[in-house]
Amino acid sequence: MTHATIDVPDLVRSGELLVVASVSGGKDSTAMMLALREADVPFRAVFADTGWEAAETYAYLDTLRARLGIAIDVVGIEGGMYARIRHRAGFPARMQRWCTRELKIYPLRDYHDRVIEAEGRETVSAMGVRAAESESRAKMAVFVDEPASDRSWGGYLWRPLLAWSVADVLDIHCRHDVPI
């Protein structure tokens with residue numbers, strides 16, 4: 001049986017870019033970490049904590065730390081979602097989409113900036129998204145090597161699982177005996 005693999009960009013393979021894997025505690029981001037390991041790509045794992053996550057998410061992150069023997073750094077803002085709701089006097093909504101930007105993107109960008117300063121090299125944000133998840137994701141590029149082209153992020157982006165199916169994701173979990 002042939003297993004799905006990832007194509008590693010030259011900037012990553014050469015070590016010019018340090019991979020920072022965004023971990024949500026979901027099946028796809030976990031599969032991405034497993035695929036990075038299979039491809040011998042060193043990475044740092046980071047979880048953007050909104051302060052609004054289910055207890056099971058935190059427990060699963062602990063399971064991943066133990067099973068994979070890795071550190072998963074945690075970033076967020078003080079007070080998390082509750083603090084932002086109080087500050088804005090309201091919940092995020094279809095016309096007021098601020099939660100992802102303020103609770104995930106900004107803390108993750110700050111984390112990348114700290115890593116760049118400490119390591120002395122650029123980072124690439126690796127995300128476990130798949131094209132089959134939505135029409136908008138199907139239009140995304142696997143690798144964005146022009147940081148200025150994405151004003152919301154401002155850095156390199158890599159979506160190594162973009163072409164993967166759900167079956168590919170489940171398969172890698174099974175191969176590594178990692179729960180879904």
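Is R130 buried or exposed? Before I answer, please keep in mind that what we are looking at today is a predicted model. R130 turns out to be buried, because its relative accessible area is 4%, and buried here stands for anything under 20%.

Let us stay with this arginine for a moment and look at its partner. R130 forms a salt bridge with D28, and the closest N and O atoms of the two are 3.0 Å apart. If you trace the chain, you will see that this pair links distant parts of it: D28 sits in helix α2, which covers residues 27-38, whereas R130 sits in the loop between β4 (123-126) and α6 (135-138), and the two are 102 residues apart. D28 also counts as buried, because its relative accessibility is 6%. The pair does not stand alone either, since K27, D28 and R130 are linked in a network of salt bridges.

In total, the count for this model comes to 9 salt bridges, and I would like to show you two others.

The next one joins R44 and D73, whose side chains meet at 3.5 Å, N to O. R44 belongs to strand β2 (residues 43-48) and D73 to strand β3 (residues 72-75), so this salt bridge ties together parts that are 29 residues apart in sequence. What about their exposure? R44 is partly exposed, with a relative accessible area of 27%, and D73 is partly exposed as well, with 26%.

The other one is formed by R137 and E133, where the closest N and O atoms are 2.7 Å apart. Here R137 counts as partly exposed at 28% relative accessibility, and E133, with a relative accessible area of 34%, is likewise partly exposed.

Let me now turn to helix α7, which runs over residues 166-175. Which residues of this helix are buried? They are V169, D171, I172 and H173. To help you read such a list on a helix, remember that an α-helix has 3.6 residues a turn, so residues three or four places apart point the same way. The buried residues of α7 are covered by parts of the structure that include α2 and α3 (55-68), and α2 is the helix in which we found D28 earlier.

Finally, please look at the two ends of α7. At its start, a side-chain oxygen of S165 reaches to within 3.3 Å of the backbone nitrogen of A167. After the helix comes D177, whose phi is positive, near 50 degrees.

Notes:
Residues are numbered from 1 along each chain as its sequence is written. This is a predicted model: local features need pLDDT of at least 70, side-chain atom pairs count only at pLDDT 80 or more; totals for chains, interfaces and linings use all residues. Side-chain values use heavy atoms; hydrogens and water are left out. A salt bridge is a side-chain nitrogen of Lys or Arg within 4 Å of a carboxyl oxygen of Asp or Glu. Helices (H or I, at least four residues) and strands (E, at least two) are DSSP runs, numbered from the N terminus. Buried means under 20% relative accessible area, exposed over 50%, partly exposed in between (1.4 Å probe, protein chains only). Contact means heavy atoms within 4.5 Å. A polar contact is a pair of N or O atoms within 3.5 Å; within protein, one must be able to donate a hydrogen and the other to accept it, and residues adjacent in sequence count only if both atoms are side-chain atoms.
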